[in-house]
Amino acid sequence: MRRIPLARLILGAALGGLLAASSARAADDTKLPKVEWSFSGPFGTYDLASAQRGFLIYQQVCSNCHSMNQLYYRNLEGIGLSEEQIKAIAASVQVPGGVDDNGQPIQRPGRPADHFRAPFPNDQAARAANGGALPPDQSVLELAREGGADYLYALMVGYSDPPADMKMQPGMMYNRFFPGHQIAMPQPLQDGSVQYTDGTKPTLEQEAKDVVTFLAWAAEPEMVERKQMGVKIILFLLLLTGLTYAVKRKLWSDVH
Amino acid sequence: MVGLHKSEFKNPLVRWIDTRLPVFTMMQNEYGSFPTPRNFNYFWNFGALAMVAMMIMIITGIFLAMNYVPNTALAFDSVERIMRDVNYGWLIRYVHMNGASMFFVVVYIHIFRGLYYGSYKTPRELLWMLGVVILLLMMMTAFMGYVLPWGQMSYWGATVITNLFSAFPIVGKSIVTWLWGGFSVDNPTLNRFFSLHYLLPFVIVAVVFLHVAALHITGSNNPLGIEPKGPQDTLPFHPYYTVKDSVGICVFLIVYAALVFFAPNFLGNPDNYIPANPMVTPAEIVPEWYLLPYYAILRSVPNKLGGVLMMFGSILVLFVLPWLDTSPVRSARFRPIFRQLVLLLVIDVIVLGDVGAHRPEGWWVVVGRLATTYYFLFFLVLLPVVGKLERPLKLPDSISKPVLGGGGPLPGGAPAKPMEKA
Ligand code: HEM
């Protein structure tokens, strides 16, 4: 069910309870848990330490199955990594490097100007390795799901054994937040899936929060700049509105 | 010298141009001294706001087009490139994307203003009809623009909407193939949509020009719906309404900026951040919010052709509105029954919008059908009948009377000219 917020908003008043009840989501336990995000609200910014830990998880876990084709290694500057760190990260993977003098395709170490390396050469290979399901590209995944960061977080922590009366398809996992509750992705994160270097305790909740912060940054790397610009522009416009209104009052004072 | 225009401008350069091509005189007459009813409320801002929105769309669109690639393999990535690698590309795109919504909000309020105050009545019928042409062009432009980023909703929206034409008997299938430029929505479709999405805004500009030209022949309507009787009823457009419009533009920009900078994807559909995939149908295919009421009408009719005809009919009926309304009184202020009915129509259209956002199941079907019925009932039955039966309130003698509380002296700084145009 896709919600159209504006129409909803206005309509809430107009239509009242009857319809709301008929369209409400079924069970309460599929309601997304509320998470405090560093990047929510008009002044929110990304918690860079969390985003860096999230990148570590992406690197060690998610990137085994998920591509992130819109990002370049150089973009990692945005989560506060230094040039040296970025060079080292890029150099740690082999990327296609064109052809050699005999026309044979070659591999070379990555550079900051390279796209993130994809785990599979094409969708078919990705499906073949994942029991027929395609792990979606993660570049804008945070924007591509209803619920955004809250949903991604819920998905990470929503795995459990299926209810007794549920018939699971072969190879499918139970996740109470996934539409239909049967997901082809095995639970990617558990307590202690990664070793954090900054002393943070790698609980499942902490890992989920960190990787989602990283995914949110990846989807909207411009967000902090955007909000900061927005604050200035809105303050300016408020001032301009006040001035214009004062001029209008003055000009019209002899009319009424 | 024969043929040179007599210019009143003093500046030698301006005068030189104006005597040969009197654009300055025209601007002075149409936007400077133009006699405008003195009693406008803030609803009269929305024409100017639509003009601003249109200009913003064209400017941002031209910059987007410099970096956008109309090819099914590259379109989605090119939009992401605009967002990430083009300097301030995210700003340009978010301004364009939310600009479409702002444009429609403003135009819908503008249309409501016309309905409520009877601006479509004699002598402004053609002015009104040109407005409906603009609305149609806007809908086509926005629909094709939404296809360009080539996300899931772009692709499936295009498929569903173009497929509507297949409902027409005999020629339907051929029309659809012709629209697609092939046997499915594909690269040729994307290319022609891009071409038309670039073209149509300039057609809109041309029709807006005619719309404004027609306005300056009849003069503006006003909240009382009675014609100005003389200079005491009007004010020169500048500075009175230039400054009042400026206040409106500032407020408009604040709302617009709040969307662009703090909730740029609030009105969008998350599915459009998934690249188009002809093999996977989204759970729910919905158009952008501003097209939802028409979509609801389409889906409220059990028969496909019937639904398509009703959907087009819901806009076409606006063309004949001036002849459906039989009341000589313009403003709803003096039409107690019409006033209730037209406000109910507003709620009705909002309900239709919400219905359009939901799967046509259960209660939504019932609500959709009721709302569709009222929509057409209002225009085709209630307007003609109520115009005849209703007893309007007594109209004021003139605009200045209720405003000034008497025939009224001229305000000091308002050198009102007689209505040259009317
Ligand atoms: C009447 C004015 C216009 C309206 C209502 C309009 C509407 C739209 C809409 C709804 C989109 C999809 C936004 C998205 O989801 O990304 C779009 C995209 C686009 N428009 Fe326009 N547009 C207008 C004028 C123009 C003009 C004049 C140009 C070019 C000169 C243009 C170029 C583009 C391009 C290149 C895109 C694709 C990039 C993108 O999706 O962000 N538009 N337009």
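**A tour of cavities and one buried serine**

In this predicted model, the count comes to four cavities of 30 Å³ or more. Begin with the largest cavity, which holds about 120 Å³ of space, and select B:F143, B:G157, B:I161, B:P287 and B:E288, since these are the residues nearest its centre among the 15 that line it. Next, colour helix 6 (125-147) and helix 7 (152-163) of chain B, the elements that give two or more residues to this lining; helix 7 of chain B gives the most, with five residues. By residue type, the lining of the largest cavity divides into 13 nonpolar, one polar and one charged. Where does this cavity lie with respect to domain 1 (38-224 + 233-285) and domain 2 (289-396) of chain B? Both domains give residues to the lining, so the largest cavity lies between them.

Now move to the second largest cavity, with about 70 Å³ of space, and select the residues that line it, among them B:R299, B:H358, B:R359 and B:W364. Helix 11 (292-300) and helix 15 (363-389) of chain B each supply at least two residues of this lining, which divides into five nonpolar, three polar and two charged residues.

Finally, turn to chain A and select A:S67, in the loop between helix 3 (48-60) and helix 4 (83-91). A:S67 has a relative accessible area of 12%, and because this is under 20% it counts as buried. Show its surroundings as well: A:S67 touches residues including A:Y58, A:A118 and A:P119, while a polar contact of 2.7 Å joins its side chain to that of A:D137. Lastly, select A:P135, which is 68 residues from A:S67 in sequence but 8.0 Å away in space, C-alpha to C-alpha.

Conventions
Residues numbered from 1 in each chain as written. Chains lettered and ligands numbered in written order. Predicted model: local features only at pLDDT ≥ 70, side-chain atom pairs only at ≥ 80, totals over all residues. Heavy atoms only, no water. Helix = DSSP H or I, 4+ residues; strand = E, 2+ residues; numbered from the N terminus. Buried < 20%, exposed > 50% of the residue type's maximum accessible area, 1.4 Å probe, protein only. Contact = heavy atoms within 4.5 Å. Polar contact = N/O pair within 3.5 Å; in protein donor to acceptor, adjacent residues only side chain to side chain. 1 Å grid on protein atoms, 1.4 Å probe; cavity = no way out; pocket = protein on both sides within 12 Å on 5 of 7 lines; lining within 4 Å. Points joined across faces, edges and corners; volume = space filled by probe spheres on them. Nonpolar A, V, L, I, M, F, W, Y, C, P; charged D, E, K, R; others polar. Domains from an automatic or database assignment. Lists of a residue's contacts leave out its neighbours within four places in sequence.
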